[in-house]
Amino acid sequence: MTHTPNVTFYDFRKSAAKAVNDPNLQRAVDGATLRFRTHRAEALAELPDSDALRDHLKAIRAATLACLADHLETFERNAQAAGAHVHWARDAADAQRIVVEIAQQHDADLVVKSKSMATEEIHLNDALLAAGIEPVETDLGEWIIQLAGEPPSHIIGPALHKTRQQVAELFNRKLGTNFTGDDIPGMTEQARRVLREKFLSASIGISGVNVAVAETGSIVLVTNEGNGRMVTSAPPVHIAVMGLEKLAPTWDDAAVWLSLLGRSATGQPLSIYTATITGPAQADDPDGPQEVHIVLLDNGRSALLGGKYEEILQCIRCGACLNICPVYQEVSGHAYGSPYSGPIGAVITPLLFGLEEYEALPHASSLCGACLDVCPARIDLPRMLLELRADEVEQRIIPRQERLLEGSAAWVLGRPRLFRFLTGLGRFFQRPLARNGSLRLPRGLNPARDRQLPALAPRSFRELWDDGLSANDATSEEEGT
Ligand code: SF4
C-alpha cells in the first residue's frame, strides 16, 4: 500500500480480527446492543408520529448549520451576558491549552469529569496529566474504563464491551475488593464511595455539552447518573467543552432534539437528569460554580460546512447507528481506533482525523442502510461512506493492487465476450481451489484479504436464463398446440 510518509496508518482489520475472536466482548456487545435496540423501538412506537418528529429534527439541524456562524455569535453574546466565559478552540491542542491554563490559574491538582466525547476527541486527560493535574472520570462506565486504562467503546456506553464478571475482576485487582460479577449494587456503591471524596476535593469540574441553546446562552447536559450534576455544581469552577455544531437556536428546537436523543439512545422519553446551566451561580442560588467556562471546539468541523459532508454535523450523538450496525456488533468500538465508532465513527473519524490514516473505516460497512433507518436526524451515512470511498480512489489512497484489480475488472466487464471466455477458463482452473462454494486462495493471492471469495458457479446466470427461456418457449408451444 502506498501511504504518505509520516502518516500513521491505523490498522482496523487487525483490531477487528482481535475483537471478533474475543468471546467476552462478543457476549457483552451482543447483549447491550440488543437491549438498546429494543428499548429504542419501544420508545419511538409510543410517539404519535415519530417519523414526522425526525423530519422536523433534520430540518432544524440543517437550518442551524446553514447559519451556524450567526447562531454561534448569538450563543456567545448571551452566554457572556449570563456571566459565562466563552473560548474558541481552533483545534485539539488549542482546546487542551485553554483547559489546562484555566486549571493552572486555579492551582488545581485534581479535576472531576463527566462523560464527554469532545474531551475524548482532544485527549484532554493526557494533557491534564502532562500538566500534573489528575483527571478523574465520574460516569460509572467512564470510571471503569479509566481504571482499565482503555478508551470508550461506545458513544453512550463507554464500558459496554465488558461483562460484569470482568468489571468485578477489575475492581478486585485495582481496588483490593472482593466482588463477584453478580454484586452490581456493591460495585456501584464502591464507585460512589471513591468518587464522593473526589467531588469534594476537586476545584474544577469538566463536562461536555449535549446541546447548547443560542437564545439564552445556556448549555444542557443529559445523564442517567447524578455525577453530571455533581461535576457541574460541587467544584467552584465548571469547564464545558463542546463541538461547535452542538447548537440549537431556540428552546423549542432543543426540545425536539432532547425528545429524540433519549428515545434513540436508551429508549427513555428523557434521560433521568437533564441539567440546564446558564452562567455561574447567582447570589440567591443555593449552590453552583462561581465560574463557568465554555470551550467551543472546531477541530475540523467548520471545514465541513457547505460541502458534501456537512450533513455529518447534524449528528446528536445518540449511538443508535452503532447499535444497529452489523459491523459494530461484531468488532465493537475499540477496533475503530477513534472515540467515534460504528457508522458515525466510520464517517466522522476520517473527516476529522484524516482519510489516509483511517482509510479502512469507510469500508467497515456492509452498506445495508440500517444506520440511516434508525438515525433520528436521518443522516445519510451510507451516502457519505460511498463518497469517502470515492475520495480514496480519487486521492489514490487505496492499495495499488486493489486499484489495478478494479481497473482490470472494469475493462473486462465492458467486453461481454471476453468476460464469458474468461469466466469459462476460471471455472476450469478453479477446480483444485474450490470447496463448498468458496475459493481457498493462498493468503497473498486473495484480493479480498480476510474474506473468502465465492467460487464461480458451475453454470452462469446467462446460461440458466437461456435454458429457462427455451424451456418456457417449449412450454408455450406445447400449450399453443
Ligand atoms: S449518526 Fe444519527 S444515529 Fe448515529 S449517533 Fe449520530 S444521530 Fe445518532
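What span should the 14 residues of helix H18 (residues 400-413) have at 1.5 Å a residue, and how far apart are its end C-alpha atoms? I noted that the model is predicted and looked up the helix. The expected span of H18 is 20 Å, and its end C-alpha atoms are 20 Å apart, which agrees.

I then checked how covered H18 is. The number of buried residues among its 14 is zero, so the helix lies largely in the open.

Next I looked at strand S10 (residues 291-297). Six of its seven residues are buried, so I wrote it down as mostly covered. I found two partners for S10. Strand S1 (residues 85-89) runs parallel to S10 and is joined to it by five bridges. In this pairing, valine 86 stands opposite isoleucine 294. Strand S7 (residues 237-243) also runs parallel to S10, with seven bridges. Here I listed histidine 238 with its bridge partner, valine 292.

I turned to alanine 63, which lies in helix H3 (residues 50-66). Alanine 63 has 12 other C-beta atoms within 10 Å, and the cut-off for exposed is 12 or fewer, so I recorded this residue as exposed. From alanine 63 to glutamine 314 I counted 251 residues in sequence, but the C-alpha to C-alpha distance is 10.0 Å.

For the ligand, I found 14 residues around it. The closest are Cys315, Cys318, Ala320, Cys321 and Cys375. I sorted the shell by class and got eleven nonpolar, two polar and one charged.

Last, I looked up the domains. The assignment gives domain 1 (12-304) and domain 2 (402-480). Their C-alpha centres lie 52 Å apart.

Terms used. Residues numbered from 1 in each chain as written. Predicted model: local features only at pLDDT ≥ 70, side-chain atom pairs only at ≥ 80, totals over all residues. Near = placed C-beta within 6 Å. Nonpolar A, V, L, I, M, F, W, Y, C, P; charged D, E, K, R; others polar. Helix = DSSP H or I, 4+ residues; strand = E, 2+ residues; numbered from the N terminus. Expected span 1.5 Å × (residues − 1). Buried ≥ 20, exposed ≤ 12 C-beta atoms within 10 Å, placed from the backbone. Domains from an automatic or database assignment. Pairing = 2+ DSSP bridges.
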